Structures are given as structure tokens and as C-alpha cells.
Amino acid sequence: MSKPLGHTYSASEPILVQSVGGTSKASPYYDEEAARISQKIDEELKRDWARRKESQRRQVKVMLLGQAESGKSTLQKQFQLYYAQQTLDNERPLWRPVVYFNIIKAVRMILDELDYELSNLDSDNSTEGQAVAHALAPLGDVSGEISQLRTKLVALIAMEDSLASELSGGVSVTGGRTGVYLRAGWQALVTPLSPNRSRAVPATGGPPPAVAHVTNLASRTLIAAQNEIDELWKHPAVRILLNNRRIRLDESAPFFFGDLKRISQPDYLPTTADLLNVRLQTLGVAEHSFDIELCGSRYNWLMYDVGGAVSRHAWVPYFDDATAIIFLAPISAFDQYLEEDARTNRLDDSLQLFTAICSNKLLKNSHLVLLLNKTDLLKKKLEAGIKVRKYITSYGDRPNTYADVSEYFRAHFIQVHRRNDIGRRTLYAHFTSMLDIRATQSIIVNVGEAIIRSHIAKTGLA
């Protein structure tokens, strides 16, 4: 067929091609063995396609969303603990440097805040400042004691940047922020230690990685400084500043300081509680895979932990086929503000992020689960007398009890969902504390089964 001048065939337009010699058995070009092999290949391709299709139907894609420090990584570890405990056990040695980093960072933050508060004590005329000055007065001048402790701890504090650099693998973030920022697969940077854990097992084809040496150096330094760390943590001035909330530490700091003697042992291996308490920033999207059995069938649960330091909208197009979204909102953060924007309340930020998820057209077909997280910390703050209305003015004169406060926050998230959810989805909301293993795993089972049953109904799997 001749092609008219200026005409281009479209991809959908059939193009007639005249075969040369034909392909019948009578043709001299016909090869019966080649035809048999070709047919066999075609059949295998069809079977492979069918297997892939069935495998994809049994894949359950779940996204963990929420602001930084909302508990996403801790929830992922809880899933791993329930469905793939062996993999978590294998990773325990790799978390040693992260535990050390958490402790060293907390020591440095205490000393920095002490220096700032003690040097500005006389110039702070606020009500809170005067209260702190009054509480510190009976102690006299403690600056000399703190200075001596800083001198003794200087070698330990110097380890912070080394650990951060090795754990982050050279990764940094904009804005001049320091710390550990991890990408998926960071564990590969850490070489497991030998059975006596006194030295690193050499990597194949080369010396042990630098992170293993820094970890061992941090361990020895921590062991040598444990008495000074304990003295600093229990110092009356530190207790007063902590009680008056003039020192802000990561939520895990009291846990690790309370177990300092155990962690400072030469043969230290992180416990499950240690793994759930460590805090660090994740970058990018980390994929975790678990096999879940329900009603005699196995499903591949693919969990995507979208790091709190990742752009909030860049990831959306890649997860338009997500089976479910688990959104974590740390309701204990009502009295905290964003690190990158000191004017934005963290609870308000969670509500804004949840609004964006509910109204996103690309995510409208995903099952939606809301976890109102860190209820244990919320209870502690309320019991300590921290008033919600001071930070959330709309709370007004409502009782400052856990029952009233938690229900008030829950109602706000449900209202956001009701007003903005374009998919008209059912919202499954739970109050959670990720450090409570038994309670969290009970929720994991309920949430997991609900998501899989929704997936079965959607895909038509029996």
C-alpha cells in the first residue's frame, strides 16, 4: 500500500506488511522446531504475565504519612516486630550507633541549654523566667559545677558530629540543620560486630567501614563518661529547668538516661524497647515488605515510610494506587512548634497535612486510617499541669483532662475528614501509643485485617 504524500501512520493504524515466502509448512522457510520453541516461549510469557498479575493483586500497598517525629518509623518497627521479628532481631547490632547518638545529642542539648539559661537568668523578666530564678536561687552559683562537667564530657560531645556524619553517609539537608538524616538502606553502612562485639567484622574485600570504628570509639567514650552523664542528668539545676520546661529534649531522652548503666556495658545489644525509642530523621521513601496470612491466603504487605524530611507533595503521583494510607498525628504536640517555622503549632500543622491528604484526588481511592498518636505523652503533659488553652486558644475553658482533650482533638480531625474527603471514605480512627507493644499490635492486627478485607473486596480476590 503506497503512502500518500504528507501522511504519517498513527500508532493505532494497522500497517499491512507482505510476508516473503509465507510461513506455511509448505514454505521452504518453515522450521518446525523454531515454531515449536516460539510457541513455547509465547505460552511461558502468558503464564508469567498471569503470575505477575496475580502477584500484584495480592500486593497491599500501605503508606505511612505524618509530619516529622509523628511515630511513622516506630509504627513500621511495630509491624516488623509482629510480622517479621527475625529481620528486626538481625538488625539489633546496627542500631547501637543510633542509640549512642541519641544519648550524646541529649547530653549536648542539656549543656547548651544550661549555659543559655544560667547566663540569661538575671535579664529574663518574664513570669516563667522569674519562677525559674526563684527555684534556682537556693542552689547558689552552679556555673562552676556545670563547667567542670562540660570539661569532663567534652570528648563524648565531640563524638556527635562524627556519628552523625558516618550514619548519614554524607547526606545533609538545606537550612543548616545538623543531625542524623537517614535514607532507605542505611543499615548497609554498618558492619555487624564480632561475637564478643569488641571489634568490627572486616568487610569482604576491604577494611571495616568507618562507621564501625566510630561506633566502637563512641562506646568506649560512653563507658568512661557514664558517671558524669548520670551526675549531669540528676543535677538539681537540670531537674528544675526540665520541670519548668526550659530544657526541651527528644522524647526518648529520659528512657535512655534511665537505662544508661545497661547501655554502657561493653557487650551492649539494643533491646526491643531501645529500637522503639530511638529518634532520627528519615529522608526519602523507605519500602518494607511483610507477608500477612488471612483466611488461608497470603498477601504481600508493602509498607512505605515517607520520611518527615521529604517534600510533602513530590511523592503523591507515585502512590496513586496505594491500597491504604495510615496517617499519624502526634496529639501530644499541642504545645510544640515546627523546627522549620517557630510560628506554626505542630497540631495545626498535622491538621493542615491531613486536610491535604483528604482532598487529594490522586489518593481518593485509598483506604484511610487515622492514628492519634503519643497518648502516653499527652497524659504526662496534662498531669504535669500544662494547659491546652495556652497553646490552642479555641479549647477555651474545657476541662484539662485526658478524656476531654483527646476527644476534642479527635473531633477536629474527624471534622476535617468530613468536610474535605473527596472520596467519601470511611475513616478509621484509633488512639495509640507506639511504645505500648501489646496495645499497638492489637491495633495493627485490626487495622491490617480491615485494610486487607477492603483490598479483597476491591480486587475481587476470593
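**Notebook: strands, cores and a surface patch**

I started at β5 and looked up who sits across from V60: its bridge partner there is W301. Note to self: this is a predicted model.

**β5 and its neighbours.** V60 made me check the whole pairing. Strand β1 (residues 59-65) runs parallel to β5, with six bridges between them. Then I looked at β4 (residues 285-294), which pairs with β5 in the antiparallel sense over ten bridges. One pair I wrote down from that side is L294 with S297, its bridge partner in β5. Is β5 mostly covered or not? I counted through residues 297-306, and nine of the ten are buried. For viewing, I kept in mind that side chains in a regular strand alternate between the two faces of the sheet.

**The largest core.** Next I pulled up the nonpolar cores. The largest one has 50 residues. Inside it, the residues with the most contacts are V107, I110, L153, I229, L232 and F257. Which helices feed it with at least two residues each? I got α4 (96-119), α5 (127-136), α6 (143-157), α7 (159-168), α8 (210-233), α9 (236-243), α10 (253-258) and α11 (260-263). The largest share is from α4, which puts in twelve residues.

I picked L232 for a closer look. Leaving out residues up to four places away in sequence, L232 touches V107, I110, L111, L114, L149, L153 and V238. There is also a second, separate core, with 37 residues, and L347, L370, Y395 and F413 are among them.

**Helix α9.** V238 on that contact list sent me to α9. Its buried residues are A237, V238, I240, L241 and L242. What do they pack against? I found α4, α5 and α8. Just past the end of α9, I noted that R245 has a positive phi of about 60 degrees.

**Surface patch.** Last stop was the outside. I37, I41 and L45 make a nonpolar surface patch of about 270 Å². I37 belongs to helix α1 (residues 32-57). Why can I37 count towards a patch at all? Patch residues need over 30% relative accessible area, and I37 qualifies on that score because its value is 38%, which makes it partly exposed. The spacing of the three caught my eye too, so I jotted down the helix rule: with 3.6 residues a turn, residues three or four places apart in an α-helix point the same way.

Terms used: Residues numbered from 1 in each chain as written. Predicted model: local features only at pLDDT ≥ 70, side-chain atom pairs only at ≥ 80, totals over all residues. Heavy atoms only, no water. Patch = residues over 30% accessible without salt bridge, like charges linked within 9 Å, V, L, I, M, F, W, Y side chains within 5 Å. Areas by Shrake-Rupley, 256 points an atom, 1.4 Å probe, with all protein chains shown as cover. Salt bridge = Lys/Arg side-chain N within 4 Å of Asp/Glu carboxyl O. Helix = DSSP H or I, 4+ residues; strand = E, 2+ residues; numbered from the N terminus. Buried < 20%, exposed > 50% of the residue type's maximum accessible area, 1.4 Å probe, protein only. Core = buried A, V, L, I, M, F, W, Y, C linked by side-chain atoms within 4.5 Å. Contact = heavy atoms within 4.5 Å. Pairing = 2+ DSSP bridges.
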